[in-house]
Structures are given as structure tokens and as C-alpha cells.
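Please look over the structure below, after which a few questions and answers follow.

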Amino acid sequence: MGLTLKEILYTFEKIENKIAYHKQFLTDLDAAIGDGDHGINLSKGFRVAKEKIKDREFKDWGEIFKTVGMAIVSSVGGASGPLYGTAFMKASMLGKGKIEITMEDFRDILKVSIDGIKMRGKGEKGDKTMLDALIPAYDEINYGIENNLSELNILKNSVESARNGVEYTKLIAARKGRASYLGDRSIGHQDPGATSSLMILEVVFDTVNELRS
């Protein structure tokens, strides 16, 4: 994988572009079972983050992640700001002194992000949240590393597992957040947080594929 600092900044730019492009779709998903602001809020957060990291020099990727996390926390309301902000802030601690992200780093980024989201949101896999996409993706990456799969295959498989996780959220009732108030009426709707998490993972795969092809 070996993403350099310049390539990491490019990846964040592509994440911002994708979230902005799909912000209405994410907002519509949230309107069905939540506050109806997920796409709008998250797009704003990544737009602010993009401005914060643009044209800056960073000594390691920990600084990049910390800047992104702080931008999201300070600019995004609702649940998505604290959860995504926590994920990036936790991950930033791993990047001190590191000028590239390896596949092992990416696995560890997901692990501490998941732990931070669990701590902040008090959620688990099966609660119809972003964890239903992130945990399967992490498991697939860990499996791929342990079995010496190619990096592109590992990332591709992680995206597929996350996509299956998003599909699974349609089949279950929400147990966290505003959606939990609906009980069984939330069944049939996919979780917007899991969907935005999938989009970010898709960007990582697509960017690595683009850069390494």
C-alpha cells in the first residue's frame, strides 16, 4: 500500500468529493430513520477538513488525521461529527513519525477507529450503525494480511465485506441513535453511517488501485 503523505492528502480530497457527490443520497437515507442531516453534515465536515489540510506541509500522517478529525468535530453536528471525529483522532495517534501508510497501518487505523466509535457511541456490530460496515472490513483486512493476499485483493475484499454489512443493516432493527426510536419500523432501511463508511473504504480501494496500476 505504502501511501505517501502526498497520496494520503489526495485520498482525503477524493473522500470529500465522493461524500459531497452523494450527500443528498446519504441525507435521504437518514431522513427515513434519523434526523435527515447525515449527508449534509458529513459533506460539510470533510469540506472544512479539505480546506484545513490544503496547501499545508505535514511531517507525518498523524498530523493529517488529527487535523481532519478536529475539523470534523468542530464543524459537524449530530452523531456523525463526534463519531467520525473520534475515529480520525484515535487513528492520528498511530501516525506519529510515520510518512506512509502501510497495509498493516490501515488495519490498525480501522481497529482503533472501531474501538473509539464503540466507546463514544456505546454500539456494537448488529446495532445498525457504521460498525456494521467497518468491523467486517477490518476482519477482511486482518485475514488478508495473515494469509499474504495481495494488497489490492485485501482492499477489494474489505470493500465487499463492508458492502455486505450495509446490506445487512436493511434486515435489522436499529438499536442506537434516533433510528432506535422506530424499533422494527427501521427494518428495510439501510443505515446512513454504514453507507458513508462504505464510501470511504471504496475511495481507499479506488485510489490505491489508481495509484498502483
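A polar contact is a pair of N or O atoms within 3.5 Å, where within protein one must be able to donate a hydrogen and the other to accept it, and residues adjacent in sequence count only if both atoms are side-chain atoms. The model is predicted, so that local features need pLDDT of at least 70 and side-chain atom pairs count only at pLDDT 80 or more, while totals for chains, interfaces and linings use all residues. Residues are numbered from 1 along each chain as its sequence is written, and side-chain values use heavy atoms, with hydrogens and water left out.

Q: Which backbone nitrogen does the side chain of Y84 reach?
A: Y84 has its place in helix α5 (helices being DSSP runs of H or I with at least four residues, numbered from the N terminus). Y84 is buried, at a relative accessible area of 4% (buried means under 20%, with a 1.4 Å probe and protein chains only). At 3.1 Å, its side chain reaches the backbone nitrogen of S197.

Q: How are the rings of F46 and F88 paired?
A: Rings of Phe, Tyr and Trp (its six-membered ring) pair if their centres lie within 6.5 Å, with planes under 30 degrees apart counted as stacked, over 60 as edge-to-face and the rest as tilted; a search of the whole structure finds six such pairs. The centres of F46 and F88 are 6.1 Å apart and their planes stand at 90°, so the pair is edge-to-face.

Q: Which parts does the pair of F46 and F88 tie together?
A: Both F46 and F88 are buried. Because F46 lies in helix α3 (residues 38–53) and F88 in helix α5 (residues 80–92), the pair ties together parts 42 residues apart in sequence, namely α3 and α5.

Key:
Helices (H or I, at least four residues) and strands (E, at least two) are DSSP runs, numbered from the N terminus. Buried means under 20% relative accessible area, exposed over 50%, partly exposed in between (1.4 Å probe, protein chains only).
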